[in-house]
Amino acid sequence: MGSNENQAVVYQVYLRSFRDADGDGVGDLPGLCEGLPAIADLGCDAIWLNPCYPSPQKDHGYDIADYRSIDPRFGTLDDFDALVDQAHRLGLKVFMDMVANHCSSQHPWFRQALAAPADSPVRRRFLFRDGRGDQGQEPPNNWESVFGGPAWTRTTDADGRPGQWYLHSFDSAQPDFNWRDPAVAAEFESVLAFWFDRGVDGFRIDVAHGNVKDQELPDCAPGHNYAMWDQPEVHQIYRSWRSVADSYQPPRYLVGEIWLPESSSLSAYLRDDELDQAFDFGLLIQPWNGPRMRQAVEAGLAQAGGTLPAWVLSNHDVHRAATRYGQEQCLDRPEPTDMIAAARRQGPVDLALGTRRARAVAALVLALPGAVFLYQGEELGLPEVLDLPDEARQDPIWLRSQGRELGRDGCRVPLPWTAGQASNDGFSPTGAAPAWLPQPAIFAGLNRQAQDSDPWSTLSVYRSLIKARRAMFGDDPGIAWLESPPATLALRRGDGVCVVNFGEQTVALPDSWRPDALVSTCPMDWPLLPPDSACWLKAGEGRH
Ligand code: NOJ
């Protein structure tokens, strides 16, 4: 098992939007190398790189055409080796993204399968089926793609006639593997070893609960499709990956992206011989509300069983935190299947308010035991870009819903490093092509350089939180809730206390809490904690 990763702060790099070194308007590995010191300076322990393998980029890298190389848009394998080297020199571990539920329709296996007859063994690596209806004109079952529309696409045979259908849980450019075919399992063990041998420290596993489908592929009733997810056979995959990861010294780390309607089944994925950790999205989907957040923290800690949660407040699939907390807060609990949609709401935004709250929730999550995955740009307090021009949008969710859903482009807009139009706000070198998604004017003011020297910028607050985290709370795996003033939450972990003020009034903290060390998300005049803010307190021996 990976060990200290379980309490790491991991910076999520959405490579195409992090930093562009070659001036094509798309982020790349040399750009990431240039920006690594900024990640190390923030106090992070590791980076997680979204997929950067060769890919037609229909789902921005989650459609992989070659699992053993780097997309030329992002660089070369040599650039990747240089990145791992530099990251390690800076004390940062490197986690990659493993997408094993599906590949790209351009992957050689899928092309081979398309070219082969219906009963060919090479088709068995995917989920090809005959259609229903007398001409096979209806999809084999009624499953829907997560991105909208049917989960099946019909193929055309060599003679031009309509042929079998193949299953894709996501876009039609992302055919699902058939994990019941031993060739698939063997291939992925070899892919993992390929990257571990190059020094990669671990993997984040995409839709880890999805790889195996119910063998019968039955129709589903409206609502949750139980046959599509969380099948018992999926655990065999992670047992075998665990043994690959454990054959290295130190053992490599595996964290799963797992969405389950019954969160109690999460612990099965976290048994000793499976994954180190699973993402916890419980906090991400909560509104700005103390009791709800407390409940989510408790549930997260309980579900992680013998491990600790890998907390997520934001990622490349949901609206940015400053925007979410600046919107009207919905207190009705979303259905599990709608969780992600609930984190992609539209509506008026009070960004100043949302930013203060986002910092306070960051203080809460960074006080907790477990790993914290921090999505790039959150440390700058970037807002969701809700008004991207239609023609700039690229997300398959936008395309497949014919624009009914905005999708995820708005949290993927390239980062501002310095102010300056000629360089895409410092994302690119001067005179580069326009950034792949246009940056709104507000990004210039939130650039990293300007925030660096402002002690109360979001960046400075994040930096002081991340740097103080271990000193405040140690590695204690447990928390205790403290009685605290109305509308606040207070928890103790190790020698540290975290207090969040969810109310609309400034509150006076108990004098007995007077700390020897204090970190806060806005200027604080002890003992007064303003609304929409949080602080960390550490007292000397014997207090609290
Ligand atoms: C989850 C990833 O986070 C998301 O970005 C992607 O579209 C889907 N899995 C499909 O791979």
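**Exercise 1.** In this predicted model, locate Asp230 and describe its phi angle.

*Solution.* Asp230 sits in the loop between strand E7 (202-205) and H5. Its phi is near 55 degrees, which is a positive value in a residue other than glycine.

**Exercise 2.** Determine how the axes of H4 and H5 are arranged.

*Solution.* Begin with the axes: those of helix H4 (residues 182-197) and helix H5 (residues 234-246) come within 10 Å and cross at roughly 25 degrees. Angles under 35 degrees count as roughly parallel, so H4 is roughly parallel to H5. As for handedness, the crossing of H4 and H5 is right-handed.

**Exercise 3.** Find where the cis peptide bonds before Pro250 and Pro527 lie.

*Solution.* Take Pro250 to start with. Gln249 and Pro250 are joined by a cis peptide bond with omega about -5 degrees, and Pro250 belongs to the loop between H5 and strand E8 (253-256). Then take Pro527. The bond from Trp526 to Pro527 is cis, omega being near 5 degrees, and Pro527 is in the loop between strand E16 (517-520) and strand E17 (528-529).

**Exercise 4.** Characterise the surroundings of the ligand.

*Solution.* Start with the shell: the residues around the ligand include Asp59, Tyr62, His102, Arg204 and His316. By class, the shell divides into three nonpolar, two polar and seven charged residues. Next come the side-chain contacts. A ligand oxygen atom is 2.6 Å from an N or O atom in the side chain of Asp59; the corresponding distance is 3.0 Å for His102 and 2.9 Å for His316. Finally, the protein covers 97% of the 300 Å² of accessible area that the ligand has on its own.

Technical notes. Residues numbered from 1 in each chain as written. Predicted model: local features only at pLDDT ≥ 70, side-chain atom pairs only at ≥ 80, totals over all residues. Heavy atoms only, no water. Near = heavy atom within 4 Å. Polar contact = N/O pair within 3.5 Å; in protein donor to acceptor, adjacent residues only side chain to side chain. Areas by Shrake-Rupley, 256 points an atom, 1.4 Å probe, with all protein chains shown as cover. Nonpolar A, V, L, I, M, F, W, Y, C, P; charged D, E, K, R; others polar. Axes fitted to C-alpha atoms, helices over the stretch in contact; angles between N-to-C directions. Helix = DSSP H or I, 4+ residues; strand = E, 2+ residues; numbered from the N terminus. Parallel < 35°, antiparallel > 145°, perpendicular 65-115°, else oblique. Left-handed = near helix turned anticlockwise from the far one by under 90°.
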